[in-house]
Amino acid sequence: MNRLDQDLAAAFAGYAARHPDEAATAALFVDLLGDADDPFRRERLAGHFTASCWLVDAAGQRVLLTHHRKLGLWLQLGGHADGERDLAVAAMQEAAEESGLSGLRLEPGIFDLDRHWIPEHKGVPAHWHYDVRYVVRAGSDEAYVVSEESHDLAWRAIDALADDPGADASVRRMAGKWLARGG
């Protein structure tokens, strides 16, 4: 196991220690990390890593969500690792590419883990995404640019998302985590 993979394995262990109710999920991520077939490439259709960000405003009151073009849901920004083994770097790249924002800052540590099923789309078979999520803070410029991967972007109040039954379950979970830690 290379140094980046060792660091990621340690980060998964740390996450499981902080969130014991999610230890089984973290164990799935550790198992994937040890797979001989490169789990950082989207071509691995048995499942692969993705990287996302909980992109909050400077005050930590709002999060930038994308109306995802393929899935038709309001979700956090993120995407495929495409071979990048440092998933924090991949999350930052996705944040910048999908928002057009400059001055973004990554907070250390994994914020959330989510394993979810992606339905078949344009000939790509259905498969698992093992999404590793990081907190990214926006700077003073909040004027986003909608990329081709989104129908739209919107800043949403985090406290409202936590109680929104229409929001994606993982987005509600992240909102609850954010509020529990005091933003």
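This passage walks through the nonpolar cores of a predicted model and then two of its buried polar residues, S52 and D57.

A good place to start is the largest nonpolar core, which has 21 residues. Within this core, F12, F49, L87 and V132 have the most contacts. The helices α1 (3-18), α2 (23-33) and α3 (87-99) each supply at least two of its residues, as do the strands β1 and β6 (127-137). A second core, separate from this one, has 14 residues, among them W54, V56, L161 and V171.

V132 gives a helpful view of the surroundings in the largest core. Beyond its neighbours within four places in sequence, V132 is in contact with F12, F29, F49, L87, I110 and L113, and also with T50, A51, S52 and D112.

One of these partners, S52, sits in strand β1. S52 counts as buried because its relative accessible area is 4%, under the 20% cut-off. Its side chain makes a polar contact of 2.6 Å with the side chain of D131. With residues up to four places away in sequence set aside, S52 touches D131, V132, R133 and Y134, together with Q76, L77, G78 and A91.

Moving along the chain, D57 is found in the loop between β1 (48-56) and β2 (62-68). Although placed in a loop, D57 is buried, with a relative accessible area of 4%. A polar atom of the D57 side chain lies 2.7 Å from the backbone nitrogen of G60. Outside its neighbours within four places in sequence, D57 is in contact with R62, R137, A138, E142 and W155.

Definitions and conventions:
Residues are numbered from 1 along each chain as its sequence is written. This is a predicted model: local features need pLDDT of at least 70, side-chain atom pairs count only at pLDDT 80 or more; totals for chains, interfaces and linings use all residues. Side-chain values use heavy atoms; hydrogens and water are left out. Helices (H or I, at least four residues) and strands (E, at least two) are DSSP runs, numbered from the N terminus. Buried means under 20% relative accessible area, exposed over 50%, partly exposed in between (1.4 Å probe, protein chains only). A polar contact is a pair of N or O atoms within 3.5 Å; within protein, one must be able to donate a hydrogen and the other to accept it, and residues adjacent in sequence count only if both atoms are side-chain atoms. Contact means heavy atoms within 4.5 Å. A nonpolar core is a set of buried Ala, Val, Leu, Ile, Met, Phe, Trp, Tyr and Cys residues joined through side-chain atoms within 4.5 Å.
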